[in-house]
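Thanks for coming. I will go through one helix and the rings around it, so please keep the structure open.

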Amino acid sequence: MTLAAMRARLEAIETERRQIHTEAGDGALTEDQQSRWDALDTEETDLRAQVAEAEESEARAARVAESRARWGATQVGARRDPVDLGPGATRAQLVDAALRGVDGRIDGTDNQRHFEQIMRRHAGDQQWARQIVARSHPDYASAFSKLVTGRAAFLTEEEKRAAIAVGTNTAGGFLVPTHLDPTLILTNAGTSNAIRAISRVVTLTDGSNVWNGVSTAGATASWDAELTEVSDDTPPVARVSVPTFMARSLVQASIEAFEDISGLATDAVMILNDARDRLEGAAHAVGSGTGQPTGIFTALDANTNVEIVSTTAATIGLVDIHNLYRSVPVRWRGRGTWLMNPLYSLAIKALGSALSASYSTDLTQPIADRILGRPVVESDDAPATQTTTSLDNEIVYGDFSNFVIVDKPGSAAIEFIPHMFNTSNNLPDGRRAWFMHWRNGSDSVNDLAFRLLQDKTSA
């Protein structure tokens, strides 16, 4: 009997016993019913033992199959590529191949979870998913390292095939291997790009460079009398769009560095990723929105409905903190986060000189990680200017799921420049360079979910 047949028989036994119980009602079982019940019990016990044995055998076979698929058949012959996919690969197979391709090469569970989420979300885009899988191949990582260090002549046949499978972007740049791509792998751990960690991050994989969403104030409801026509409570829906912008970075190195430093390509990618992280961190806070993402402080500063002015110029008081917190509508207040420069978190820490309502911690203690029960996030990119001659932005409080950051995963590309030319006589001077570019965007999609504290002007 097959495993499926045994499981079906167990269900039939359960159905028959239920029928016997129903026929007996509240009374005792008849002799025939009791005899049949005992026979079913015995059959069920034997079947469950057989099912357990069959399931273990099936699981063992699956483990062997997985091991052989990953490491190749135990017989002498061609070894199966762990990320090789046929033309009819399913969505699940694409995701599985991508995860196998980066296995052991992505550090941290957060990074692994983030990459898996992106793959599962966009695996329906077969062209994009197949390219991510191709870029996760070890041969492509090796080819990339040679291509961006001017050693294309040393590519092996396997590396050439891997590079051809991936191709280049429209500008001829080499697409970064999956496990090094900053648009796929989180790079904000330990950096000041803290806004990304608390915001809503969305991704684009199609040809569009603009994320489109909707915003609504929500439906209303009413108390209506019996047999009274209900009102139309459909809320107005507004379209919100967040464009992405091109970001670039150039890193140079001498020919001597190419010859003397092993792993220079990987180091250069790390340097470029750090540059991306810091550039985006500043833009997500105070970006102008012109040629670059719109920062949260910039977005709120343009909406007078969400601005709260401090009571005293160049001073943050307890009343200001309470006003800011209380002004956020209740539907967003309970999910709010405080965002500020360390200048202001230190000022809040210093409120009062004794244990009281306005006292947080003394000098021996760290900055409070919560204010009024809600988390505090510090960012060096947040404003830190108090001029007293204008309304300077200080602190944001609100629900950051309404601040959207748009990524284009897999879009980072690096172009290798074999020779840089000196501006004196336009002749090479022994420098080479890597040119990296990618896209990113951000903006508030619902200003009313936030409040912005501004310093009172004394002018």
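**Tyr325 and its neighbours**

At 23% relative accessibility, Tyr325 counts as partly exposed (buried is under 20% relative accessible area, exposed over 50%, partly exposed in between, with a 1.4 Å probe and protein chains only). This is a predicted model, in which local features need pLDDT of at least 70 and side-chain atom pairs count only at pLDDT 80 or more, while totals for chains, interfaces and linings use all residues. Residues are numbered from 1 along each chain as its sequence is written, and side-chain values use heavy atoms, with hydrogens and water left out.

Now the rings. Rings of Phe, Tyr and Trp (its six-membered ring) pair if their centres lie within 6.5 Å; planes under 30 degrees apart count as stacked, over 60 as edge-to-face and the rest as tilted. By this rule there are four aromatic pairs. One of them is Tyr325 with Trp338, stacked, at 6.5 Å centre to centre and 15 degrees between the planes. Tyr325 lies in helix α12 and Trp338 in strand β7, so this pair ties together parts 13 residues apart in sequence. Helices (H or I, at least four residues) and strands (E, at least two) are DSSP runs, numbered from the N terminus.

What about Trp338? At 0% relative accessibility, Trp338 counts as buried. Its ring centre is 4.3 Å from that of Tyr397, with the planes at 35 degrees, so that pair is tilted. Tyr397 lies in strand β10, so here the parts tied together are 59 residues apart in sequence. Tyr397 is buried too. Tyr325, Trp338 and Tyr397 form one aromatic cluster.
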